[in-house]
Amino acid sequence: MRVPPAWPLVLLAACHSSTAVTLDFWGLGREGEVVAQLVPEFERENPGVRVRVQQIPWTAAHEKLLTAYVGRSTPDVAQLGNTWVPEFVALGALLPLDSAIARSRVVHPADYFTGIWATNVVDRAVYGVPWYVDTRILFYRRDLLAQAGFAAPPRSWAEWLRAMAALKARDGPHRWPIYVPTNEWQPIVTLALQAGSPILKDTAQYGAFTDPPFRRAFDFYADLYTRGYAPRVGITEVGNIYQEFARGTYAMWITGPWNIGEFRRRLPPNQQKIWATAPMPGPEGAASGVGLAGGSSLVVYRASRHQAEAWKLVEYLSRVDLEERFYRLSGDLPARRDAWRDPVLAADAAARAFYEQLERVVPTPPVPEWELIATRIFDYGEQAIRGGVPRDTALARLEREVNQILARRRWLLARNAARAAAPAGGGR
Amino acid sequence: MRRRWASVALHAVLVVGAALSLFPLLWMVSGSLMSTGEANSFPPRLLPHHATLAHYAALFTQLDVGRYFLNSVIVAGFATAVSLFINSLAGYALAKLEFRGRERLFRILVAGLVIPAQVAMLPLFLLLRSLGLVNTYLGAMIPAMATIFGVFLIRQYVLSVPDDLLDAARMDGASEFRIYWSVVLPVIRPILATLAIFTFLSTWNDFLWPLVILSDNAKYTLPVALAGLSGEHVQDTELMLAGSVVTVLPVLAVFIGLQRFYVAGILAGSTKG
Amino acid sequence: MMPGGRTQARAAWLFLTPALIFIGVFFFLPVIAGLALSLTNFDIYAIGHPENVQFAGLANYRAMVHTDLFWTALENTLYFAFVGAPLSVLVALGAALLVNSRLTRWPAFFRTAYFAPFVTTLVAVAVVWKYLYHPRYGLLDAGLAALGVHPVDWLGDPRWAMPAIILVAVWRSFGYNMLIFIAGLQRIPAELYEAAELDGAGSWARLRHVTLPQLAPTFLFVGVITAIGFFQLFAEPYVMTGGGPLKSTLSMVLYMYEEGFRWWRLGSAAAIAFSLFVLVLAITLIQLRLERERTS
């Protein structure tokens with residue numbers, strides 16, 4: 001299905017310039033709060049266009065976005081977690097942006113981190129422009145690590161295990177070398193991608209959880225708990241993680257870039273030197289330490305009645321100077337490489353590890369069911385870690401359920417393949 | 001003497017029970033007046049050091065709670081008014097008007113009381129979507145505007161209205177609607193008050209349906225907004241407690257002021273007619 | 001039929017129409033549609049492209065029965081209802097007996113105090129209780145610590161999360177049941193008590209031989225109504241635990257909500273909703289049967 005080019009809409013918009021156009025923009029979490037500060041200048045540059053920013057908490061974001069789509073009350077532009085892009089494309093909710101990007105003087109695919117840009121491409125069409133990136137890396141207490149005999153952060157799984165063993169030996173039973181909440185999918189999936197697992201195989205039609213690469217990663221992950229390196233707790237069970245990190249209860253934490261700002265804000269000034277960031281250790285060393293290509297994209301909804309203005313807003317926010325300003329306001333890392341030349345960002349030692357990691361990121365399987373599958377991955381993981389279920393059983397159950405979840409996808413793919421194979425009535 | 005002791009023991013237990021029952025609500029108020037971080041201190045505090053209204057100010061100025069309050073008032077108020085009219089009409093008809101199939105209709109309706117509302121929720125959402133009522137105040141009100149329970153409550157009460165009153169009015173040539181409006185309604189005022197309170201309280205407190213049907217921040221009712229805020233601001237205990245107070249205060253006020261009717265209504269509903 | 005019966009019939013249908021339209025279109029119709037939905041594979045693919053919907057027969061129900069999460073949700077819901085409801089009823093009975101006693105002064109105050117939790121907004125009190133249950137800063141563990149009991153991570157421990165939610169539910173609901181019991185107590189004829197006193201029965205004996213037997217029908221009614229209400233558990237786990245930890249507080253309605261409004265597997269969610277309906281219906285029919293047997 002081809003989407004009409006943007007030019008007629010631009011003309012239409014010009015004809016209607018006397019009436020003010022109001023764009024609805026939905027931002028998620030803190031970014032939603034921050035973007036409201038960037039909007040006035042856009043309105044000044046585009047007289048006649050008003051932007052109404054609505055902020056949605058992350059905890060309800062996925063549900064809200066889907067409910068809004070089903071209820072036909074979607075905004076014009078939205079921030080979308082990039083793992084959700086395939087889902088919304090499958091719904092037919094998003095406008096393909098290829099023609100707009102081809103004509104744009106601001107947005108060029110080559111400017112963006114390759115792995116990040118790839119998350120927005122579905123069936124060779126582009127549906128979103130990366131806004132900021134999110135990948136999980138190691139935050140660690142460099143002083144505790146040094147005391148345990150490690151002057152530099154670990155770069156390989158073997159070294160990592162040695163470092164954690166040394167930390168555990170020093171600190172005893174009430175302190176933990178690493179904090180990995182049991183109800184997060186990102187650590188498991190990161191390790192699996194590093195071990196070479198595709199997570200979903202056969203063009204994402206079946207789960208690959210009982211295959212050796214995933215099993216190897218899962219063993220590594222589960223061993224963290226059985227060896228006593230990580231506490232068996234979920235996200236909400238730690239009182240104040242920042243206080244605990246400062247106290248040394250945890251020496252390492254796999255988490256994302258927003259915590260650079262949180263650490264700076266919540267830890268006292270005299271404790272700012274003791275923490276640092278490092279790219280993820282890989283099974284065979286630094287180069288194999290791939291990470292998740294996470295982050296958020298800016299998308300335009302097909303149902304928008306102001307597609308031209310909506311694209312203008314996306315373009316505006318994608319400008320290098322706006323990406324830099326956005327970074328300074330939110331601490332979120334830009335998706336454009338050239339925005340990293342911003343002096344504050346370039347000088348930020350903590351962000352440097354992210355830059356290095358971003359050159360080695362891999363997208364998650366681009367299936368609409370990803371959010372559900374990711375949730376089930378840690379659900380069954382928790383069963384093995386906290387529920388006493390043997391690992392084989394947990395992984396087998398996970399694979400069985402994911403295969404059942406993907407049944408629809410298999411049916412649709414088979415049906416589309418059959419249609420493409422059979423001669424179409426009337427020819428093409 | 002024995003009576004004295006028994007009385008003291010009895011009242012002691014009653015007071016302890018009341019304290020336990022009210023304690024979470026009292027702490028809710030106390031915590032909302034504490035300064036930031038005080039409610040999360042160790043060991044936990046019962047009373048604020050210096051009471052402050054800063055969190056209430058923040059709620060209304062930064063977090064737009066006034067708007068959510070207004071939304072709740074609109075949705076609950078409107079739904080109550082409409083439901084009073086529609087339910088009383090139907091309840092009166094089922095109780096006092098003669099027509100074929102009356103008892104069977106009533107039995108079908110009562111059977112519907114068994115069905116949990118959640119069964120209807122998903123298809124109802126899809127139905128309202130095709131009617132374009134998603135994310136509207138009307139959509140939020142619709143499940144409350146006519147309920148089997150409301151019709152049932154009114155019908156049970158109207159049964160006790162003397163038939164002579166109605167016959168006399170008919171003899172005077174009054175139309176059926178006139179009889180309903182001028183004769184019956186004034187007489188059943190107590191149950192109307194009860195139903196009004198029930199509907200207002202249940203609509204005000206409703207959480208799942210507004211969560212599903214309203215996607216615009218600006219239209220959120222208080223419970224939905226509170227749940228959303230509590231996800232984002234989980235570290236800001238005092239602020240959340242203040243939000244809870246703002247949500248709970250109106251219903252508590254309505255209840256305490258009108259508890260005579262509310263209690264009577266529950267008791268009326270509990271006797272099977 | 002009375003004279004003027006036709007006028008009445010016409011008026012009756014006129015009066016009934018608004019309510020019947022609302023109830024029919026916005027309640028009964030969706031319920032039937034829900035049943036139909038549960039027989040299809042309506043999901044997120046179908047919303048954008050309706051041609052993807054297929055009739056699936058009982059496939060959703062079969063899949064549901066083979067899903068561990070469904071049984072977990074069912075077990076949790078039954079646990080909650082069959083522990084919580086009797087608890088709520090017992091506490092309510094105790095409160096009713098105390099408030100209704102002849103010796104009690106200011107019964108209205110106590111009645112209000114015990115009833116107040118019921119009136120409050122569930123989300124608001126869930127937020128409050130979430131803070132009260134905090135293992136370090138919450139007052140419950142502080143109180144337990146004062147008694148020398150080790151602090152419990154109420155909402156973080158899979159063994160204690162459901163009991164914690166049961167406590168909140170009992171706290172909220174016992175006031176309502178208390179009122180019904182008070183009404184029942186006040187309906188017991190005074191002569192029965194007088195006769196018992198004349199026979200030399202003390203307070204305990206009077207309780208056992210007069211009060212409780214007289215209250216038996218109310219008992220059943222209240223117990224079943226409360227259990228049915230408890231089957232619809234949603235807001236407390238949604239706000240306080242999100243169904244965790246380890247899915248120990250996942251209720252049927254929460255599971256249905258997630259299937260329907262988070263993952264948009266509407267066929268599957270409708271099947272869950274219908275299972276809930278069947279459960280409630282079964283309990284209600286059992287109650288009616290017991291009622292009938294008792295009164296016959």
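## Getting to know chains A, B and C

The domain assignment splits chain A into two parts: domain 1 covers 7-134 + 293-355, and domain 2 covers 137-292 + 366-409. Keep in mind as you look around that this is a predicted model.

So how do the two domains of chain A sit relative to each other? Their C-alpha centres are 29 Å apart. Where they meet, 17 residues of domain 1 of chain A are in contact with 16 residues of domain 2 of chain A. On the domain 1 side of that meeting place, α4 (85-91) and α16 (349-358) of chain A each bring at least two residues. The top contributor to that side is α16(A), with four residues. Sort the domain 1 side by class and you get 10 nonpolar, four polar and three charged residues.

### Chain A as a whole

Now zoom out. Chain A holds 19 helices and 16 strands. Is chain A as compact as a globular protein of its length, or less compact? The radius of gyration is 23 Å, close to the 22 Å that the globule rule gives for 428 residues, so chain A is as compact as a globular protein of that length. Its C-alpha trace spans about 75 × 55 × 35 Å along the principal axes. As for burial, 48% of the 428 residues of chain A count as buried. Take the contacts in chain A between residues at least 6 apart in sequence: 77% of these join residues at least 24 apart.

### Two helices to look at

Here are two helices, one from chain A and one from chain C.

| Helix | Residues | Buried residues |
|---|---|---|
| α9(A) | 186-194 | nine of nine |
| α8(C) | 161-187 | 21 of 27 |

Start with α9(A), which is mostly covered. Its buried residues include Pro187(A), Ile188(A), Val189(A), Leu191(A) and Leu193(A), along with Gln186(A) and Gln194(A). What covers them? Among the covering elements of chain A are the helices α10 (212-226) and α17 (370-386), as well as the strands β11 (250-255), β13 (291-292) and β16 (361-362). After α9(A) comes Gly196(A), which has a positive phi, near 95°.

Next up is α8(C), which is also mostly covered. What end-to-end distance should you expect for α8(C)? At 1.5 Å a residue, its 27 residues should span 39 Å, and the end C-alpha atoms are indeed 39 Å apart, so the two values agree. Follow the helix along and you'll find a bend of about 35° at Ser173(C).

### A residue in the loop after α8(C)

Ile188(C) belongs to the loop between α8 and α9 (190-198) of chain C. Is Ile188(C) buried, exposed or partly exposed? There are 15 other C-beta atoms within 10 Å of Ile188(C), so this residue is partly exposed; being buried would take 20 or more, and being exposed 12 or fewer. Setting aside neighbours within four places in sequence, Ile188(C) is in contact with Thr211(C) and Gln214(C). For a sense of distance, try Ala81(C): 107 residues separate it from Ile188(C) along the chain, and their C-alpha atoms are 29 Å apart.

### Where chain B touches chain A

Finally, have a look at the contact between two chains. It takes 10 residues from chain B and 11 residues from chain A. Which helix gives the largest share of the chain B side? That's α12 (residues 222-232) of chain B, with three residues. By class, the side of chain B that touches chain A has two nonpolar, five polar and three charged residues.

Definitions and conventions:
Residues are numbered from 1 along each chain as its sequence is written. Chains are lettered from A and ligands numbered from 1 in the order in which they are written. This is a predicted model: local features need pLDDT of at least 70, side-chain atom pairs count only at pLDDT 80 or more; totals for chains, interfaces and linings use all residues. The radius of gyration is taken over C-alpha atoms; the globule rule is 2.2 Å times the number of residues to the power 0.38. Two residues are in contact if their C-beta atoms, placed from the backbone, lie within 7 Å. The expected span of a helix is 1.5 Å times one less than its number of residues. The bend at a residue is the angle between axes fitted to the seven residues ending there and the seven starting there. Ala, Val, Leu, Ile, Met, Phe, Trp, Tyr, Cys and Pro count as nonpolar, Asp, Glu, Lys and Arg as charged, and the others, Gly among them, as polar. Domain bounds come from an automatic or database domain assignment.
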